[in-house]
Amino acid sequence: MDAVERSRRDYAVGSLGRADLAEHPLRQLERWVADAVAADIDEPNAMTLATVDADGRPDARVVLLRGIRAEDVVWFTDRSSTKGAQLAAAPHAALVLHWQPLERQVRLRGPVVALDDAASDAYFASRPRGSRLSAWASRQSRPVASRAAYEAVVAEVEARFDGVEDVPRPPDWGGYALTPVEVEFWQGRRSRRHDRLRMRPDGAGGWAVERLQP
Ligand SMILES: Cc1cc2nc3c(=O)[nH]c(=O)nc-3n(C[C@H](O)[C@H](O)[C@H](O)COP(=O)(O)O)c2cc1C
């Protein structure tokens, strides 16, 4: 653990003030994702999705951000997975994006709804064929006896859809959308004197900004 204890980086790439923020947090998120893309960061849309189980215990995993819409952000998954069951029981989540080279983090919290079939179908149809077949071959988060047993199911699915060009969306596969009610933009600064700006609805249709202690 020595390497972990000794790792110590001072943050000095940028700064963040109220004047830098867009009026709406999702417009600001779009800017920061665009910055991450421009900076050539690998998987600039990777984000940690935190949920709670039926007992209120937290869980988290990485998923890919697939859309920033007017009022919500979107990702796709197998809704019969562990995360899907958790979201069915407790439809609230937190998301965290971290772009290390930019020394930036964004945190979002809010209620989550399943996307409608049309939106899920549209995104599923845009996926590469291999990914579409894999969605049929996996009941995400269930145990499987071995890698070989899983590969055997993949082979069955490939045979089943052989010659079928439009592989349909499996019924449990689809999107979720989180509508943020709290978004924090974090920019690392020297000596841990970071900038943190939190945006919450102001009750009049806009967003109030508060600076938080680092
Ligand atoms: C970089 C990265 C991107 C991922 N993207 C997704 C995704 O978009 N959707 C998804 O269901 N799982 C994705 N995963 C896998 C999840 O982290 C996780 O293993 C899976 O969704 C099962 O989670 P659950 O058992 O909590 O439901 C990704 C993992 C990594 C490391």
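Contact here means heavy atoms within 4.5 Å. In this predicted model, glutamate 103 touches Arg9, Asp10, Tyr11, Ala12, Val13, Trp186, Gln187 and Gly188, residues up to four places away in sequence not being counted. Glutamate 103 is found in the loop between strand 5 (92-99) and strand 6 (104-114), and its side chain reaches the backbone nitrogen of alanine 12 at 2.8 Å. Although glutamate 103 is buried, it has no salt bridge, and the nearest side chain of opposite charge, that of arginine 9, is 4.7 Å away. Because a salt bridge requires a side-chain nitrogen of Lys or Arg within 4 Å of a carboxyl oxygen, the distance of 4.7 Å to arginine 9 does not qualify.

Turning to the aromatic residues, the count of aromatic pairs comes to 9, and two of them are set out below.

| Pair | Centre to centre | Angle between planes | Arrangement |
|---|---|---|---|
| Phenylalanine 76 and tyrosine 123 | 4.2 Å | 15 degrees | stacked |
| Phenylalanine 124 and tryptophan 173 | 5.0 Å | 65 degrees | edge-to-face |

The stacked pair links distant parts of the chain, with phenylalanine 76 in strand 4 (residues 73-78) and tyrosine 123 in helix 4 (residues 117-125), 47 residues apart; phenylalanine 76 has 14% relative accessibility and therefore counts as buried. The edge-to-face pair likewise links distant parts of the chain, joining phenylalanine 124 in helix 4 to tryptophan 173 in strand 7 (residues 173-178), 49 residues apart, and both phenylalanine 124 and tryptophan 173 are buried. Phe76, Tyr123, Phe124 and Trp173 form one aromatic cluster.

A further ring is involved with a charged residue: arginine 79 lies over the face of tyrosine 176, at 5.6 Å from the ring centre.

Definitions and conventions
Residues numbered from 1 in each chain as written. Predicted model: local features only at pLDDT ≥ 70, side-chain atom pairs only at ≥ 80, totals over all residues. Heavy atoms only, no water. Phe/Tyr/Trp six-rings, centres within 6.5 Å; stacked < 30°, edge-to-face > 60°. Helix = DSSP H or I, 4+ residues; strand = E, 2+ residues; numbered from the N terminus. Buried < 20%, exposed > 50% of the residue type's maximum accessible area, 1.4 Å probe, protein only. Lys NZ or Arg CZ within 6 Å of the ring centre and 35° of its normal. Lys, Arg positive; Asp, Glu negative; His and termini not counted. Polar contact = N/O pair within 3.5 Å; in protein donor to acceptor, adjacent residues only side chain to side chain.
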